Structures are given as structure tokens and as C-alpha cells.
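Visitor: Please walk me through this model. I will ask short questions as we go.

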Amino acid sequence: MTLRLLEFVVAGNEASDLLPVRSVPLLRAHGARRGFWTVLDEGPVEHCLALLLELDDGRWVAHHVAADAGAENGRTEDGEALAHHDGWVYVFGSHFGSKAGPLRPRRAFVARFREDDAAAGPLPVQVVRNRFRLHRAVNDALLAAAFTPLPPGERVRARFIGETVARGAARSKGWVSRLVPDDLPLNVEAAAFTPAGGVLLGLRFPVTADGEPILVELTGVPEMFDPAPNWPRAAGAYVLTGVTPPGALAGFRAITPTDDGGYAAIVGSIDALGKGSVLLDDHPAGGEVTSRHVRFPAPGDEHLVPGELVADLAPFHHVEGVAEWDGQSFYVTDEDHRVALWVA
């Protein structure tokens, strides 16, 4: 596969996920014929939204979007996944922590904005910090699942669950009751809405005991934003089969719907090499995995979902977003201090 690189500098930060722009007014406002949303790592969500645009003359440019989350400004971090639903763009936090733990409540959030509103002025962004309610729903779904998740080592449990509870208890945080000692730390890296309005969350961690990627479907995500919020409920947990290299562990890095009613995805390592990950200390087979572009059908009644390989993206270990558009594949990679968009 031959890849063409388009390189941008956007607020001195790297990118996660890739979501096609659907808003015609937004494209017209920038003189663009097509484009993608991406979310920048680490900072609060209102500082981390960006557009990668192909202008009418064929040039590609990046645009850092000015946004305002109101009372929630500065209270989130580490947006990882983007998804369309009913005219809104949703942003999902990782719900994870640093490479050595603990979990960070600021990363347990979902945000959304009207895509048309990005055409002019500061973009209003709604934010709901769920205080580990989504963590609880997903963990309960994994506990009831028809497959066995890979158990974390004792060091991972202590750093991510035990230390999180200890810190919350010391500060009298009510969310402490939503974590229990046997919980699995979640790293949400991918999301896509279903036609019925549910959300498929792709987990980078945990994976199954056989090293395969896990999907959890949630219902009720839009209702989180109601004045009296209802909280998401788990509707199913699934395993993506046939895409993990032998002897490896592979988690989700990105998901996007396809025109045939299925999904395309990136699967790859469970955490980054060389950054002090305690997950990789316990599970080194999850670090050397290169990224893979795969497809799979919409999950049905069975918990096993068959996947097929589209492209092995070796030597890349850090593909964070995928889009399929007009016969081309687009990938965004996690690079230090730049945004790299690759076109196949």
C-alpha cells in the first residue's frame, strides 16, 4: 500500500480519531469541498477540536476551532473518540488515566456540539462528566458477558482501581461507590452510533483473554444531556474475531460506519511502548502490535463478530483514526507536536 502524507501543525498537539464533516454550511464557510474533524490529545475538550479541510482548490489546511464549554471549561481532558448522531458530533473521553494510573475523573466525560454551529463564532460545546457511571455500566456488562476479559495484573489493579478509590475517598467523592476492587480499568478509544441510536464503544483495554478486541454497546447516551439526565445502560458486549495477530493482544483504536451498514476500524496495541505503561509491564504481548485496518458487520444476537483484514498498516503502531471516502482510505496517526493525515 502506498500512503501519501499530509502534515499539519494544530495548536502544537497530536490528533486522535477522524470523523468526516457532514455539515454543508460548515464546509461552505471555509471554502472546502470535504474535511474531517479530529480531537487533540490531553487538553480540555474545548481547546482540542480541529478541522482538517480540503479546500475547493485542492489544498489541505488545518483549522483549530474556537469553542466554549461554559461552566465545564477546563474540567475535561483526553478526548479520544468522535461520532455523529442526529446533527451532533459527540466526543468521548478515554475514561482512563496516565500510563501508570490512577484513573482520572476528568477523562470520564462525553461532550457534544451541533456541527452546523461550527460555521461561525465560538462553538458551544455541551459537556457531561459522568463521574464513573459509564465505567460502572461497561464493567457490569463485561462481568455478564459470554466471554472472559483478560484479567489485569495486581499492579494494574492497585494503580488504576485501588489508588483511584483511595484518592476519591480521601476527598469524600461520591463517585467512589461506583468502583469496586475487581473492576477493569477502561480505555475508550473508539465510538460509533448505530442506526437505532445506541453507541458501540471500542475498548483499547481490556481485551479478551485470547487477546481479541472488545465492543460494548450503550443505549441512552443522548439522554445524558437532558436537564434531568438519564445515564447510559449497557445493551451488549461483543468480541471482534479474526483480526488479532497470533500470540498478540489487540485493542480498538478507531471505528467508523461504512456505507453497507457495517463498520471499519483500526485495531492495534493496548498501550504505547516506551512510556512507562504498567499495562505493558504485565502484558508485553500487547505493545509490539502494528496497526491494522479491518471491517466487520453490525453486531447481532451472537457475541462473536467476525472481522476481516483490509490492510496491515505496518510499520505504524500508532494509527488513531480511519475514514473511508470515495474509494480512498484516510488515516490519522498519533505524532508528537503535529497532525499527520495519510491517504491511501
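Guide: One definition to begin. Rings of Phe, Tyr and Trp (its six-membered ring) pair if their centres lie within 6.5 Å; planes under 30 degrees apart count as stacked, over 60 as edge-to-face and the rest as tilted. This is a predicted model, where local features need pLDDT of at least 70, side-chain atom pairs count only at pLDDT 80 or more, and totals for chains, interfaces and linings use all residues. Residues are numbered from 1 along each chain as its sequence is written, and side-chain values use heavy atoms, with hydrogens and water left out.

Visitor: How many aromatic pairs does the structure hold?
Guide: The ring rule above sets what counts as a pair. Applied here, the total is 12 aromatic pairs.

Visitor: Are the rings of W60 and F330 stacked, edge-to-face or tilted?
Guide: Their centres are 6.3 Å apart. Their planes stand at 50°, so the pair is tilted.

Visitor: How many residues apart are W60 and F330?
Guide: W60 sits in strand β5 (residues 60-64), and F330 in strand β22 (residues 328-335). Strands are DSSP E runs of at least two residues, helices are H or I runs of at least four, and both are numbered from the N terminus. The pair links distant parts of the chain, 270 residues apart.

Visitor: Which residues form one aromatic cluster with W60?
Guide: W60 and F330 are both buried (under 20% relative accessible area; exposed is over 50%, partly exposed in between; 1.4 Å probe, protein chains only). The cluster joins W60 with F36, W325 and F330.

Visitor: Which residues have the most contacts inside the largest nonpolar core?
Guide: A nonpolar core is a set of buried Ala, Val, Leu, Ile, Met, Phe, Trp, Tyr and Cys residues joined through side-chain atoms within 4.5 Å. The largest has 43 residues. Its most connected members are W37, L49, V91, L123, V125 and F330.

Visitor: Which strand gives the largest share of this core?
Guide: The share is six residues. They come from strand β4 (residues 49-55).

Visitor: How many residues are in the other core?
Guide: This core lies apart from the largest one. Among its members are W88, F92, F147 and V221. Its size is 30 residues.

Visitor: Which strands are at the edges of the open four-stranded sheet?
Guide: Two strands pair if DSSP finds at least two bridges between them. The order is β1-β23-β22-β21, with antiparallel pairing. The strands that pair on one side only are β1 (4-8) and β21 (319-325).

Visitor: Which residue of β23 stands opposite L6?
Guide: Five bridges join β1 to β23 (residues 338-343). Along this pairing, R4 stands opposite V343. The partner of L6 is L341.

Visitor: Which residues of β23 are buried on each side?
Guide: Six of its six residues are buried. One side has R338, A340 and W342. The other has V339, L341 and V343.

Visitor: Which residue in the turn between β22 and β23 has a positive phi?
Guide: Six bridges join these antiparallel strands. They form a hairpin with two residues between them. The phi is about 65°, and the residue is H337.

Visitor: Why is one side of β12 and of β19 left without a neighbour in the sheet?
Guide: The open sheet runs β12-β13-β14-β15-β19, with mixed pairing. β12 (187-193) and β19 (304-306) stand at its edges, so each has a single partner strand.

Visitor: Which helix packs on this sheet?
Guide: The helix touches β13, β14 and β15 (contact means heavy atoms within 4.5 Å). Its direction makes about 120° with that of β14 (axes are lines fitted to C-alpha atoms, for helices over the stretch in contact; angles run from 0 to 180 degrees between N-to-C directions). It is α2 (residues 133-143).

Visitor: How many residues of α2 are buried?
Guide: Its cover includes α3 (154-170), β13, β14 and β15. The buried residues include H135, R136 and N139. The count is eight of 11.

Visitor: Is E77 buried or exposed?
Guide: E77 lies in the loop between β6 (67-68) and β7 (79-85). Its relative accessibility is 12%, so E77 counts as buried.

Visitor: Which side chains make polar contacts with that of E77?
Guide: A polar contact is a pair of N or O atoms within 3.5 Å; within protein, one must be able to donate a hydrogen and the other to accept it, and residues adjacent in sequence count only if both atoms are side-chain atoms. One contact is 2.3 Å, with R104. The other is 2.9 Å, with R107.
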